[in-house]
Amino acid sequence: MAELHDSELGQKTYWDKAYDTELSNFKSNPEDYGEVWFGEHTERKIVDWVTENIADLTTSIVDLGTGNGHLLSELPEEGYSNLTGIDYSPSSIDLARAVNQDNPSISFHCRDLLRQGDSEGETYDVCIDKGTYDAISLSSTSSADRTTYKHSISRHLLSPGPHSRFLLASVNWTVDELREFFGDVLDVTEVLPSKEFTFGGVTGKDVSMVVFQQKQEPAIGS
């Protein structure tokens, strides 16, 4: 699988600066909570998936690379109460806490999922990634970083068992590429519908949204 060209979007310094600016803007205008990554339409699809598939409102849900925390801010309105946002940028966490100061059911923590030890600890029943894997794919060390991220999800973050889920949204990778890369540790359970386009005789999606679960050991005697 070919690597993407590295970009400033794969650098922590870029995100620290961007979230510092968004926090300053939010303090000046509380209605300006910053950019919604991949747009509110994609975010709504993710929220709809959660409400349609996660009946227990106390299910532990984590947003990986939470940014301004806007995705999580939609879930208390649906009754969910065990919500966590993680980001490696302290500026992101400051912004997310400010934006969600009236949402006590959401906690935010600064953790770098590529750093040994930071990915260990609490596990979650539902992990959501809306753009974080894409940003990791744009780093100058993306090949190693993507592998580290994959194993952080499967070994440390995603709860074991057949009912935990990892929902990944990407604009840089196709469904087949995501299936191939994560397939040695995770199984695809669902592909969410999204807008299709055709270019050069090839049909693709504007956003690839794939739901994974932990690989299950085959039953004895099967």
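In this predicted model, Asp 184 is partly exposed, with a relative accessible area of 46%. Its salt-bridge partner is Lys 150, and the closest N and O atoms of the two are 3.0 Å apart. Lys 150 belongs to helix H6 (residues 142–157), whereas Asp 184 sits in the loop between helix H7 (175–182) and strand E6 (186–192), so this pair ties together parts that are 34 residues apart in sequence. Unlike Asp 184, which falls in the partly exposed class, Lys 150 is buried, at a relative accessible area of 6%.

A second salt bridge brings Glu 74 together with Arg 44, here with 3.8 Å between the closest N and O atoms. Distant parts of the chain are again linked: Arg 44 is found in helix H2 (residues 39–53), and Glu 74 in the loop between helix H3 (70–73) and strand E2 (83–87), 30 residues apart. Glu 74 is counted as buried because its relative accessible area, 17%, is under 20%. Arg 44, with a value of 33%, is partly exposed. The two residues are also members of a wider group, since salt bridges with shared partners join Arg 44, Asp 48, Glu 74 and Glu 78 into one network.

A third example stays within a single helix. The side chains of Asp 16 and Lys 12 form a salt bridge with an N to O distance of 2.8 Å. Both residues lie in helix H1, where a separation of four residues corresponds to about one turn of the helix. Asp 16 is buried, having a relative accessible area of 17%, while Lys 12 is partly exposed at 33%. Taken over the model, the count of salt bridges comes to six. As general background, side chains of opposite charge can pair when their charged atoms come close.

Helix H1 also leads to the next topic, the packing of helices. H1 (residues 12–28) packs with helix H4 (residues 90–99) at an angle of about 25°, and the two axes are 7 Å apart. Because this angle is under 35 degrees, H1 runs roughly parallel to H4. The crossing of the two helices is left-handed. On the H1 side, the contact involves Lys 12, Asp 16, Tyr 19, Asp 20, Glu 22, Leu 23 and Phe 26; on the H4 side, it involves Pro 90, Ser 91, Ser 92, Asp 94, Leu 95, Ala 98 and Val 99. Sorted by character, the residues of this contact comprise seven nonpolar, two polar and five charged. Lys 12 and Asp 16 thus appear in both parts of this account, as salt-bridge partners and as residues of H1 that meet H4.

Note on methods:
Residues are numbered from 1 along each chain as its sequence is written. This is a predicted model: local features need pLDDT of at least 70, side-chain atom pairs count only at pLDDT 80 or more; totals for chains, interfaces and linings use all residues. Side-chain values use heavy atoms; hydrogens and water are left out. Axes are lines fitted to C-alpha atoms, for helices over the stretch in contact, and angles run from 0 to 180 degrees between N-to-C directions. Angles under 35 degrees count as roughly parallel, over 145 as roughly antiparallel, 65 to 115 as roughly perpendicular and the rest as oblique. A crossing is left-handed if the near helix is turned anticlockwise from the far one by less than a right angle, and right-handed if clockwise. Contact means heavy atoms within 4.5 Å. Ala, Val, Leu, Ile, Met, Phe, Trp, Tyr, Cys and Pro count as nonpolar, Asp, Glu, Lys and Arg as charged, and the others, Gly among them, as polar. A salt bridge is a side-chain nitrogen of Lys or Arg within 4 Å of a carboxyl oxygen of Asp or Glu. Buried means under 20% relative accessible area, exposed over 50%, partly exposed in between (1.4 Å probe, protein chains only).
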